[in-house]
Amino acid sequence: MKLLLINPNNAFQKYPPLSLAIIASLTPKNWEVEILDNNFDKVTFKPADLVGITSFTCTANKAYEFAKLYRDNNVKVIMGGIHASILPDEALNYVDSVVIGEAEGIWDKVITDFEKGELKKTYKAELLPYQNWPMPRHDLLHKSYTVGVIQTSRGCPFNCDFCSVSLFNGNQYRHRPVDEVIEELKTIKAKTIFILDDNILGVGKKNEERAMELFVKIKEANLNKSWFSFASINFADKPEILKAAAESGCYMIFIGFEAEEEEQLVEMNKNLNIKAGANSYINAVKRINKYKIYVMGGFIIGFDTDTKETILRRKKFILKNKINTVGLAYLTPLPGTVSYKELEKQNRIVNNNYPTDWNKYNFANVVYKPKNLTASELNKLFYEIIVSIYTKKNIFLRTFYTLLQTRSIRITKLAHHTNMKFLKSYQNAYAQHLKNQQVKNNIK
Ligand code: SF4
């Protein structure tokens with residue numbers, strides 16, 4: 001029997017599909033498993049007994065297209081991942097079966113049912129302890145990836161209105177035993193690792209102790225790998241944790257600052273940032289930089305409390321503080337989130353021709369009617385901020401400050417490289433934006 005696992009192309013995030021490597025590891029040994037990765041390869045028909053597809057919301061369309069290709073050839077298709085888990089009824093219009101939630105604990109039943117010809121429409125997996133599962137099949141991931149991926153914990157206890165993490169992975173941290181993580185790291189060839197945890201540190205003493213254990217053991221294992229991950233602002237609080245993280249190979253941490261004023265933080269329920277206060281953001285970056293780790297600060301625009309003035313103040317804040325690298329996104333109401341439900345209740349979701357419109361839910365489009373501005377005003381402000389962040393002068397200033405604060409040429413080079421990569425991708429997006437404006441003007 002052959003299982004073909006498909007990863008639809010994601011233009012915005014090209015990282016190895018860990019979930020498919022996990023599914024492969026849970027599949028009985030008498031099955032042959034192949035991962036077809038659309039980030040690099042075209043999806044055409046290949047003989048298979050069963051197809052599994054994963055998808056984010058912005059790739060759901062493509063996933064449905066690929067499902068059609070295989071179903072037209074009489075191959076059963078199962079879909080999993082966050083989008084199908086939140087909207088199983090929609091997915092069932094395009095696939096034979098949906099796995100809702102994490103696949104561990106249910107995948108063997110899916111395979112047994114398929115072998116008996118009794119595949120059910122849905123399978124709901126419980127959130128199980130994150131331990132003692134087979135090692136993900138990293139060997140099946142596409143060889144062109146230069147970054148490896150791993151998870152050391154799942155879940156997040158916070159409930160930011162726009163975030164779908166706790167809907168899928170629950171709102172309690174589930175840690176993997178550190179020794180298992182080390183064993184898995186040894187199976188990954190790449191020297192750079194993206195630790196996909198929703199929050200690598202977590203909050204509170206128990207989580208800090210486990211992070212310390214993780215960092216110390218990674219260092220002791222002497223694997224000679226560098227890593228980056230997500231954390232909350234409290235990552236900067238304890239020097240001993242920062243030191244251990246850096247010594248274990250951490251060189252970059254993504255922190256969702258989102259906004260610098262309390263009104264927007266309260267609106268999105270971003271409690272840790274409210275507690276820390278925006279004044280602390282810059283000191284947090286400095287403290288992290290001191291340990292030769294650079295910060296990618298994430299900011300969002302388009303909250304209901306946002307006006308032209310608040311957004312321009314966010315721009316000023318970003319430019320003034322020279323955070324090493326910056327990512328800017330529109331508020332994006334992902335299905336199932338509080339943000340989505342609120343906007344839908346108020347009839348303000350504009351791009352709701354589903355599933356076609358799902359590809360716009362990629363944080364780079366305004367998919368709803370903003371409250372105090374028009375979508376095109378918000379759009380204009382987005383590009384005004386982006387263009388200012390990525391002027392040559394401002395990139396140079398950020399690079400200079402990174403060098404000053406980290407005192408590391410290696411880290412400065414890495415941060416600069418990220419800035420240049422962003423410059424390129426935003427330049428492309430900006431060119432597209434100008435083209436769209438031109439088309440609109442011509443139509444008018
Ligand atoms: S945005 Fe971050 S802190 Fe907030 S719920 Fe999502 S993962 Fe947790």
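Which residue in strand 13 is the bridge partner of Phe254? The partner is Met296. Before going further, note that this is a predicted model: local features need pLDDT of at least 70, side-chain atom pairs count only at pLDDT 80 or more, and totals for chains, interfaces and linings use all residues. Residues are numbered from 1 along each chain as its sequence is written.

Stay with strand 13 (residues 294-301). Helices (H or I, at least four residues) and strands (E, at least two) are DSSP runs, numbered from the N terminus. Two strands pair if DSSP finds at least two bridges between them. Strand 12 (residues 250-258) pairs with strand 13 in the parallel sense, over 6 bridges. Strand 13 also pairs with strand 14 (residues 325-330), again parallel and over 6 bridges. There, Gly297 has Val326 of strand 14 as its bridge partner. Of the 8 residues of strand 13, 7 are buried. Buried means that 20 or more other C-beta atoms lie within 10 Å of the residue's own; exposed means 12 or fewer, and partly exposed is in between, with C-beta atoms placed from the backbone.

Now the domains. The assignment, automatic or from a database, gives domain 1 (2-124) and domain 2 (146-430). Their C-alpha centres lie 28 Å apart. The contact takes 15 residues from domain 1 and 19 residues from domain 2. Two residues are in contact if their C-beta atoms, placed from the backbone, lie within 7 Å. On the domain 1 side, helix 2 and helix 3 (82-86) are the elements that give two or more residues.

Turn to the open sheet of 6 strands. Its order is 2-1-3-4-5-6, with parallel pairing. Strand 2 (32-37) and strand 6 (122-124) stand at the edges; each has a single partner strand, so one side of each lacks a neighbour in the sheet. The twist averages 20° from one strand to the next. At one edge, strand 5 (residues 97-100) pairs with strand 6 over 3 bridges. Val98 has Thr122 in strand 6 as its bridge partner.

Helices pack on these strands. Helix 2 (residues 60-71) lies across strand 1 (2-7), strand 3 (50-54) and strand 4 (76-80), at about 160° to strand 4. Axes are lines fitted to C-alpha atoms, for helices over the stretch in contact, and angles run from 0 to 180 degrees between N-to-C directions. Helix 1 (residues 18-26) has buried residues including Leu20, Ile22 and Ile23. The buried residues of helix 1 pack against strand 1, strand 2, strand 3 and helix 5 (107-115).

Helix 16 (residues 392-406) shows two faces. Arg398, Thr399, Thr402, Gln405 and Thr406 are buried. They cover an arc of only 135° around the axis, which puts them on the same side of helix 16. The arc is that of the directions from the helix axis to the C-beta atoms. The face turned away from the buried side carries the exposed residues Lys392, Lys393, Phe396 and Leu404.

Finally, some backbone exceptions. Most residues other than glycine have a negative phi, and most peptide bonds are trans. Arg407, just after helix 16, takes a positive phi of about 50°. Arg407 is exposed, with 12 other C-beta atoms within 10 Å. Asn74 has a positive phi of about 60°, and is found in the loop between helix 2 and strand 4. Tyr354 and Pro355 are joined by a cis peptide bond, with omega about 5°.
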